Structures are given as structure tokens and as C-alpha cells.
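Take a walk through this model, from its sheet out to its loops and helices. Keep the structure open as you read.

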Amino acid sequence: MSTTNADNLTKTRELIRKGWEEVASAYAEDRSGIFKHCADRLLDRLCPHPGTSLLDIGTGSGAIALQAAERVGSEGRVVGSDIAASMLRIARQNAVKRGKTNLTFLEMDAEHLGFSDASFDIVTCGFSLFQFPNMRQALKEMERVVKRGGQIGLSNWGTGYFSPVADMQRKLFQDFGLRPLLTNPITFKHDELQMLLEWAGLTELQLESDEMEVWFKDPQAVWDYNMSMGPFPVMLRRQLTADQSESLHERFIEKVSAIASPQGVRCTFHLLYALARKT
Ligand SMILES: C[S@@+](CC[C@H](N)C(=O)[O-])C[C@H]1O[C@@H](n2cnc3c(N)ncnc32)[C@H](O)[C@@H]1O
């Protein structure tokens, strides 16, 4: 990788980290319920048993790690790692509230994990892989720290994510000349993800699509969902003036109002779970 490219990835990683630092409490509220729901579904697929050691990368406020700590019991061990300190602060508070002593949270970049080889039975990563500027490096790290015979479980956005808002929002962003902050697309196609996992040397791949319907109470709640996603507010701030941002917000509310019903705004989130093994 050239120095310029590596520098750009470092800058992007830092902007993403700052974004998540800012939105930590809003994200942790998980008003849509998506992250708690998907954490359960991913763990149902992985079936960690009492005594399992599990690492959750990009743990955020601990949606997966907290559920995993219940499942692995006091003989098990869960570590949640994340690049954003304020996310980890909330995750630690959640662990204390639930009286979990088999759970620790560590600040760490997913592309450089501070663990020895073969440290965990299971490695999970929920809705974070696409945020890592060098996804291949992060997958290599996951493969390195999982034990032989151990599992890796990822939850991701599939194509058709956040429908019908995503398409509408993409066009609106184009009108405002906004460029995505992330270096990777938010969604994965089945075969793209399969190729990445195979590239990382993982086997016994299982990719499963799923769908979740979410009702937002009104168009403003849809905007608030966006604003609780770390890279989104940073992208607006860096590329638009305050007036332009306000005008984008108004146009967004106008457009989403057109698809709202008295029950609220119905959105569909397409999900892509991936399970793999190190053999
Ligand atoms: C969408 S949240 C997902 C949180 C959690 N896994 C869940 O399912 O609710 C993405 C998380 O990835 C973290 N993140 C972003 N880039 C990272 C990196 N390079 N290394 C580690 N964590 C990172 C963010 O700080 C944020 O907490």
C-alpha cells in the first residue's frame, strides 16, 4: 500500500472514531431496536456455550458483548473492543448495571488487535466491518486471534438496507454534492462478503439473509436515526455549511413525510449474517 493511501486510510479512521465519540449516547439508546435484535440473532446462530471465550470487535455500547456475557456464564469470558472511548464508557456502565463480571471492554483499533494468536473461541463483529478502512487487515486480525476450530460471526447490512429511505437519501445527497465519508460501501452483496472471508482463509462459510421491519414514529425520528450513526454528522459538518445542512434536513423531512402514514414511517432493513470457521 502506498504511503499516501495509508495516510488517507488513517485520516478516515480518525474521522470515523471522532464521529462515534460524538454520537455515543444517541446510538446507545437504539430506539429502533435493531442492534439488540440483531445481536440476539447472531448469537443464536453461533450458539456460544457456558465457558466460551468471545471477542466482540467494534462492540459500541455492547449490544453483542452484553448478550454474549449472559450466554457464556461465569466460566466464560467476553471482551468487547472498540476504537471510541465514549462508546466503551457506556458499554462498561451497561455491564455494571447488569452485574456482569465476566466482561471487559478495551479500546483498540480492529485492524491492530492487542491479543496473542488463538486467544478466543468466537470472534463477533456487528455492523462494523464496513467502517474499518482496511477491511482485509481487520479480517486477517479476526482470523489470527480466533482459535483453530473456532468461529467468526458477522452481522452486516445487505443490499436493500434502510428501504425506501436509503435510495431517496442517496439522491438528496447527490443534489447537495455530498461524498460518503466511509471508504467502503455500507452494504455487502452475498458473493462480495464470501470472497472476503475466503480471502482471509476462513472456511465452512454460511451466509444468511434476513429482513427486519422498523417503524419510526415520524420523519424526524428517521433523521435522528441517521444522526446517531457516527460518520453521518461528521460528513455533514465537513462538507456543508450550517445553512446547507439545515436546508438538507428540511428537504429530507419533506421527502420522508411523503412516504409517512399515520402509523409513522415504515422501513425495511436487509441483513446479511455471515458465519465462518478457522480450520
Ligand atoms: C454501528 S456501530 C456497531 C456497534 C455494535 N457492534 C452493535 O452491533 O450495536 C459501529 C462501531 O464500530 C466502531 N469502530 C469504527 N471503526 C473502528 C475501528 N477501526 N476499530 C474498532 N472499532 C471501530 C465504532 O466506534 C462503533 O462503536
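Start at C125, which stands opposite L154 in β5. The model is predicted, so its local features are described where pLDDT is at least 70. On the β1 side, I57 stands opposite C125 in β4.

These pairs belong to two parallel pairings. Four bridges join β1, residues 53–57, to β4. Six bridges join β4 to β5, residues 146–158. Both pairings run parallel. How well covered is strand β4? Seven of the seven residues in β4, 120–126, are buried. In a regular strand, side chains alternate between the two faces of the sheet.

Now turn to the ligand. A shell of 21 residues surrounds it. The closest are W20, F35, G58, G60 and G126. Which helices each supply at least two residues of this shell? They are α1 (3–28), α2 (34–46) and α3 (63–72). Helix α1 gives the largest share, three residues. By character, the shell holds 12 nonpolar, six polar and three charged residues.

Next, follow the chain into the loop between β5 and α6. F162 lies in this loop, and so does P164. Two backbone features stand out here. Most residues other than glycine have a negative phi, and most peptide bonds are trans. Phi of F162 is near 60°, a positive value in a residue that is not glycine. The peptide bond joining S163 and P164 is cis, with omega about 5°.

Is F162 buried or exposed? The cut-off for buried is 20 or more other C-beta atoms within 10 Å. F162 has 21 within that distance, so F162 is buried.

E204 also has a positive phi, near 50°. E204 is found in strand β7, residues 203–216. Its setting can be judged by the count of neighbours. A residue with 12 or fewer other C-beta atoms within 10 Å is exposed. E204 has 10, so E204 is exposed.

Finally, look at the helix that follows the loop with F162 and P164. Helix α6, residues 165–175, packs against helix α10, residues 242–257: their axes come within 11 Å and cross at roughly 145°. The crossing is right-handed. Which residues meet there? From α6 come V165, M168, Q169 and L172. From α10 come L248, R251, F252, K255 and V256. The contact divides into six nonpolar residues, one polar and two charged.

Key: Residues are numbered from 1 along each chain as its sequence is written. This is a predicted model: local features need pLDDT of at least 70, side-chain atom pairs count only at pLDDT 80 or more; totals for chains, interfaces and linings use all residues. A residue is near a molecule or strand if its C-beta atom, placed from the backbone, lies within 6 Å of it. Ala, Val, Leu, Ile, Met, Phe, Trp, Tyr, Cys and Pro count as nonpolar, Asp, Glu, Lys and Arg as charged, and the others, Gly among them, as polar. Axes are lines fitted to C-alpha atoms, for helices over the stretch in contact, and angles run from 0 to 180 degrees between N-to-C directions. A crossing is left-handed if the near helix is turned anticlockwise from the far one by less than a right angle, and right-handed if clockwise. Two residues are in contact if their C-beta atoms, placed from the backbone, lie within 7 Å. Two strands pair if DSSP finds at least two bridges between them.
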